[in-house]
Amino acid sequence: MEIECSCENSCIITSEKIEKYLSANDPCSKCKEPNIKKFKPLSEQVSLEDIDNDFGRCSCGKRSLDSVMAHVLKVIIDLNVDIGKDTLRNGPIPLITPFYTMTKLPFIDENSLVILDDRLEKKDGEYIVENVKEVKGVLKGSSHDTVGIKDFNSSATVYELLSGCDIRCDIIQSYGKPIAINKIQHLSYLEFPQSMENKIMKLCSYIKSKHLSPEKIANLRILDGTCGNGSLGIFLLNYGVEKVIFNDIWYPATVSTSINLESNGFKVGSFNIKNNNRSNRNKKNNHLNINNIYENHVKSPLNYKIAEGEKFEVYNFAIENLANNLKDNHEIDLCILDCFPNVNTVKFEKVAKSIANEVWII
């Protein structure tokens, strides 16, 4: 299935494109880091009148992230948005796409940045996208918010897309090969690649501690009970397990997981999505527009199978209901639970133990 984005840019990254993008944020030999201090007011370091789309731009076309965020901050000042001191630390949160763990200041190109801030309005977002070349989308929200649904009794939390497109990709380094995790950020929990890479290392260490033979690993059937965008389960498929069952109570997460399975080389044999009608497909066969799917997101689980392939199934259930639908049809060796911060996992663990022979909580 070929997955499209309505903004007509190459927003969806597949496993075949990862190597191309792994150096996307590296500077060329002529790129220079700006001498901008993050905690000092920008107006005390540079003349604001000098900051425009050429500010800090190299002949290769890239700018450092600090130069771009200085430009964003200058535009926000022009819009008279009250942010307190005009420092980079007081400005919006930058979300690069694609993003991967790096040790140096990234240099980015056009349409490669989504910004998040809870003080901006729609007109501000539209003006920023129009005037800063690197910014492809603007979100209203706080990084302290947990996007999604924590459990069956919780209400949904989402960011507001003020302008542009917020489809972005994190490239996760893992044992064997990197993983492309595509997401629509206003409907996805904010988690950076290094955090997920640490979880993958812990999961890998846990499996190795069992001293399983290659044959036993190849026969493992695993439930990723709170799968999010699918990173851990996709790692396990790359690791060579027999089957992974993905599940999440948050419908947009299960769609993300299905898209990321396809993007990482695990062909989706059937795709059962809400309102999958002609408005979501163009005239070519097997073309799917990700934006239209997510526009129909719901605030409670739909209670059905979203997608399946040769080595996986994807479900949208509260885990309590998943137990009733799986226990007679599947034998699960291990259930993984990667719950949101500050969520009481006791109930999740109890249900998981009724489904799987073993439970591992991150």
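I began with burial in this predicted model, and I noted that 53% of the 362 residues in the chain are buried. For the surface I looked up the exposed area, which comes to about 16,800 Å², with carbon and sulfur atoms supplying 45% of it.

Next I turned to secondary structure and overall form. I find 10 helices and 17 strands in the chain. The radius of gyration is 21 Å, close to the 21 Å given by the globule rule for 362 residues, so I record the chain as being as compact as a globular protein of that length. Along its principal axes the C-alpha trace spans about 70 × 45 × 40 Å. I also checked the contacts with a separation of 6 or more, and residues 24 or more positions apart account for 66% of them.

I then went to the interior. In soluble globular proteins, nonpolar side chains tend to be buried together. The largest nonpolar core here has 43 residues, and within it L236 and F246 touch the most other members. Helix α4, residues 193-209, contributes the largest share of this core, with six residues. Apart from it I located another core of 27 residues, including I51, V68, M69 and L88.

I followed F246 further, leaving aside residues up to four places away in sequence, and its contacts include I234, L237, L261, F312, V314 and Y315. Among the other residues that F246 touches are D224, T257 and E313.

Last, I looked at charge: the chain carries 44 positive and 48 negative side chains, and the centres of these two sets lie 2 Å apart.

Notes. Residues are numbered from 1 along each chain as its sequence is written. This is a predicted model: local features need pLDDT of at least 70, side-chain atom pairs count only at pLDDT 80 or more; totals for chains, interfaces and linings use all residues. Side-chain values use heavy atoms; hydrogens and water are left out. Helices (H or I, at least four residues) and strands (E, at least two) are DSSP runs, numbered from the N terminus. The radius of gyration is taken over C-alpha atoms; the globule rule is 2.2 Å times the number of residues to the power 0.38. Buried means under 20% relative accessible area, exposed over 50%, partly exposed in between (1.4 Å probe, protein chains only). Contact means heavy atoms within 4.5 Å. Accessible areas come from the Shrake-Rupley method with a 1.4 Å probe; for residues, only the protein chains shown count as cover. Lys and Arg count as positive and Asp and Glu as negative; His and the chain ends are not counted. The place of a charge is taken as NZ of Lys, CZ of Arg, CG of Asp or CD of Glu. A nonpolar core is a set of buried Ala, Val, Leu, Ile, Met, Phe, Trp, Tyr and Cys residues joined through side-chain atoms within 4.5 Å.
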